[in-house]
Amino acid sequence: MPAGTLYLIPVPLADDASAKSFTPYLVDTINNIKEYIVENEKTARRCLKEAGLKTPQSELIIHDYGKHNRDKLNNDFFKGLLAGNDVGLMSEAGCPGIADPGADVVAEAHRKGIKVVPLVGPSSILLALMASGFSGQSFTFHGYLPIDKVERAKRIKELEALAERNKQTQMFIETPFRNNPMLEEILKSGNPKTLLCIACNITGVDEMIATKTLADWKKQPPDLHKKPTIFLLFR
């Protein structure tokens, strides 16, 4: 019997963003799947409900791939797939596998010869890049920068130099409750002429995406506390 297909199912980035996030194909797909590998079961179940799942959730098989189970990537996750059943992979938000531990699940699926199909949906990284006005021909996403203030300041200057030398967009994130200190460090360490795009709470009702020089941001820095944000630098 041929193996099933692993479908990568995007999850909305913000509350009340379901209508912006789900395609008809995604809705059809989830209604033909009864097994899921998820980063956050509560988020996944709510997402499936909002997307229009018709299957009773009591009939679903949910494998938890949260932070306490990431060292347990074993054959239990793949029994259904290897038996010919289709399975969905869901992140806590956005696209599975993009700045997301689900990449390990996808890699294991490839090793086992399982077909992987990504579904169209919101990626905060790509949406931020699209809206920044910066180079989409050459860009790098760095994830989290160092927490140590000295190392973080050094890294910001390195990224600024890379942006100028390579004409390459430099992208990174921070834990939402540390966004304001991160912004303060960028404004302190960077060249006033450097361009910074702040993409905050993308697809949310209070979405804010703006590009300015560091000098202009210093005049009125926004409050980013506890708001999912992507920072983009360009010269």
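## The parallel sheet

Let's start with two neighbouring strands: strand S2 (residues 35-38) runs parallel to S3, and the two are joined over 4 bridges. Within this pair, Ile37 stands opposite His63 in S3. Please keep in mind that this is a predicted model.

S2 and S3 belong to an open sheet of 5 strands with parallel pairing, in the order S3-S2-S4-S1-S5. The edges are taken by strand S3 (61-64) and strand S5 (115-118); each has a single partner strand, so one side of each is left without a neighbour in the sheet. From one strand to the next, the twist averages 25°. Helix H5 (102-111) lies across strand S1 (5-9), S2, S4 and S5, and runs at about 160° to S1.

## The loop before H5

Between strand S4 (87-90) and helix H5 there is a loop that holds Ala99. The phi of Ala99 is near 50°, a positive value in a residue other than glycine. Is Ala99 buried or exposed? Ala99 counts as exposed, because its relative accessibility is 59% and the exposed class begins over 50%.

Ile98 is found in this loop between S4 and H5 too. Ile98 is partly exposed, with a relative accessible area of 45%. Which residues does Ile98 touch, leaving aside its neighbours within four places in sequence? The answer is Ser123 and Ile125. To give a sense of scale, the C-alpha atoms of Ile98 and Asp216 are separated by 31 Å, and the two residues are 118 residues apart along the chain.

## The mixed sheet

Now for another open sheet of 5 strands, this one with mixed pairing and the order S6-S7-S10-S8-S9. Strand S6 (139-144) and strand S9 (208-213) are its edge strands, each pairing on one side only. The twist here averages 15° from one strand to the next.

Inside this sheet, strand S8 (residues 195-200) and strand S10 (residues 229-234) pair in the antiparallel sense over 6 bridges. One residue to look for is Cys200, whose bridge partner in S10 is Thr229. In the loop between S8 and S9 you will find Asn201. Asn201 has a positive phi of about 50° although it is not a glycine. Is Asn201 buried or exposed? Asn201 counts as buried, because its relative accessibility is 15% and buried means under 20%.

## Helices around the mixed sheet

Helix H6 (residues 124-132) lies across S6, strand S7 (169-173), S8, S9 and S10, running at about 45° to S10. Helix H7 (residues 149-166) lies across S6, S7 and S10, at about 55° to S10.

Next comes helix H8 (residues 179-189), whose buried residues are Asn179, Met182, Leu183, Glu185, Ile186, Leu187 and Ser189. What do the buried residues of H8 pack against? Their partners are H7, S7, S8, helix H9 (214-219) and S10. As background, an α-helix has 3.6 residues a turn, so residues three or four places apart point the same way.

## A nonpolar patch on the surface

Finally, have a look at the surface, where Leu126, Met130 and Phe139 make a nonpolar patch of about 330 Å². Phe139 is found in strand S6, an edge strand of the mixed sheet. With a relative accessible area of 34%, Phe139 is partly exposed.

Terms used
Residues are numbered from 1 along each chain as its sequence is written. This is a predicted model: local features need pLDDT of at least 70, side-chain atom pairs count only at pLDDT 80 or more; totals for chains, interfaces and linings use all residues. Side-chain values use heavy atoms; hydrogens and water are left out. Two strands pair if DSSP finds at least two bridges between them. Axes are lines fitted to C-alpha atoms, for helices over the stretch in contact, and angles run from 0 to 180 degrees between N-to-C directions. Contact means heavy atoms within 4.5 Å. Buried means under 20% relative accessible area, exposed over 50%, partly exposed in between (1.4 Å probe, protein chains only). Patches are made of residues with over 30% relative accessible area and no salt bridge: like charges are joined within 9 Å, nonpolar side chains (Val, Leu, Ile, Met, Phe, Trp, Tyr) within 5 Å. Accessible areas come from the Shrake-Rupley method with a 1.4 Å probe; for residues, only the protein chains shown count as cover. A salt bridge is a side-chain nitrogen of Lys or Arg within 4 Å of a carboxyl oxygen of Asp or Glu.
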